[in-house]
Amino acid sequence: MAAIQPEVINNPRVLSERLGALRREGKTIGLVPTMGALHEGHLSLVRRSKSLCDVTVVSIFVNPTQFAPGEDYEKYPRVLDADLACLESVGGVDFVLAPAPADMYPEGFDAHVHIGGVTRRLEGEFRPTHFDGVALVVLKLFNISRADTAFFGQKDYQQAAVIQKMVRDLNLPIDIRVCPIVREADGLAMSSRNKYLSESERKEAPILKKSLDLAARLVSGGATDAAEIKYRMRALIETAPSSAIDYISIADPDTLEELDAVEGSAVILLAVRIGTTRLIDNMILP
Ligand code: AMP
């Protein structure tokens, strides 16, 4: 059976109208926001949406407002045709929203969204304007689609926490599902940015997951001192010659406040540059 191509829509208003008609027929809508360069991580969210919702919408938009000057906005991979082929191979995606920047931020656009609390530390410290841009575009996508459910990856743990906080604080009528991290065979978390790695850097990149595994082993062996665990992770990561650590954090899974001791549940988050490519990863400790 030939897979059905999703309908590609550039204009957000057109998508709103199409989805409005389906909603009036009683259909439920699932939204998967992405920046494209799709991989199995994204597709896991698409499959989850298909299994839970009648209609699945994937947005593909490299959102300028979440990049700071000097970050990789210009060089971020834009491969819409390959992305559509990828979605076609999965099948069952109804709409792809692929707007141009001017479709989302027309002349005179001047709105801002700022979510406090969980945005302040970690990524928020290294990329101070990032989560305002994420919250802005995601809120727009929620309003454009009026989706019942939106799907995000645990890969961007803090981002998912920010979206959940925005939904709670602003009473947004949408259900958020956070899906597990999909990894390459050697443990590297799949990411569109992995394409930036040179061959030798790619060989070093699994060190992030190895350091998370080390932490999990230490904790299951009885270690509780967060400083000691982070010290051991740092020492392991530094064996990779191209690595430079931005942060290693052991935090409360809800507030993302730093923990001194791992006694209840915790999440370990890290950001490491391998050469010029910045990678993030995380693990929830039970
Ligand atoms: P991005 O295109 O990088 O903005 O990611 C779009 C969505 O896919 C976000 O919710 C990410 O957390 C999610 N995602 C990216 N990589 C992975 C992965 N390796 N496993 C699961 N979800 C992912």
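These legends go with close-up views of the ligand site, a cavity and a pocket in a predicted model.

Residue numbers start at 1 along each chain as its sequence is written, and side-chain values use heavy atoms, with hydrogens and water left out. Because the model is predicted, local features need pLDDT of at least 70 and side-chain atom pairs count only at pLDDT 80 or more, while totals for chains, interfaces and linings use all residues.

**View 1. Who sits around the ligand.** The shell holds 17 residues, and H42, G153, D156, V182 and M190 come nearest (a residue is near if one of its heavy atoms lies within 4 Å of the molecule). Sorted by class, that shell has nine nonpolar, six polar and two charged residues. Here Ala, Val, Leu, Ile, Met, Phe, Trp, Tyr, Cys and Pro count as nonpolar, Asp, Glu, Lys and Arg as charged, and the others, Gly among them, as polar.

**View 2. Polar contacts to the ligand.** These are pairs of N or O atoms within 3.5 Å. The side chain of D156 puts an N or O atom 2.7 Å from a ligand oxygen. From the backbone, an N or O atom of G153 lies 2.9 Å from an oxygen atom of the ligand, and a polar backbone atom of V182 is 2.9 Å from a ligand nitrogen. On its own the ligand has 490 Å² of accessible area, and the protein covers 93% of that (Shrake-Rupley method, 1.4 Å probe). Strand 2 (29–34), helix 2 (40–52) and strand 5 (149–153) each give two or more residues to the shell, with helix 2 giving the most, three. Helices (H or I, at least four residues) and strands (E, at least two) are DSSP runs, numbered from the N terminus.

**View 3. The one cavity.** There's one cavity of 30 Å³ or more, and the largest has a volume of about 30 Å³. On a 1 Å grid over the protein atoms alone, a cavity is a set of points where a 1.4 Å probe fits but cannot get out; lining residues have an atom within 4 Å of a point. A volume is the space filled by probe spheres set on the points, which are joined across faces, edges and corners. Its lining includes G117, R120, Q158 and E257. Domain 1 (7–179) and domain 2 (192–285) each chip in at least three lining residues, with bounds from an automatic or database domain assignment.

**View 4. The second largest pocket.** A pocket is an open set with protein on both sides within 12 Å along at least five of seven lines. This one has a volume of about 240 Å³. Among its 15 lining residues, Y157, A161, Q164, P253 and D254 are closest to the centre. Helix 7 supplies the largest share, six residues.

Note on methods: A polar contact is a pair of N or O atoms within 3.5 Å; within protein, one must be able to donate a hydrogen and the other to accept it, and residues adjacent in sequence count only if both atoms are side-chain atoms.
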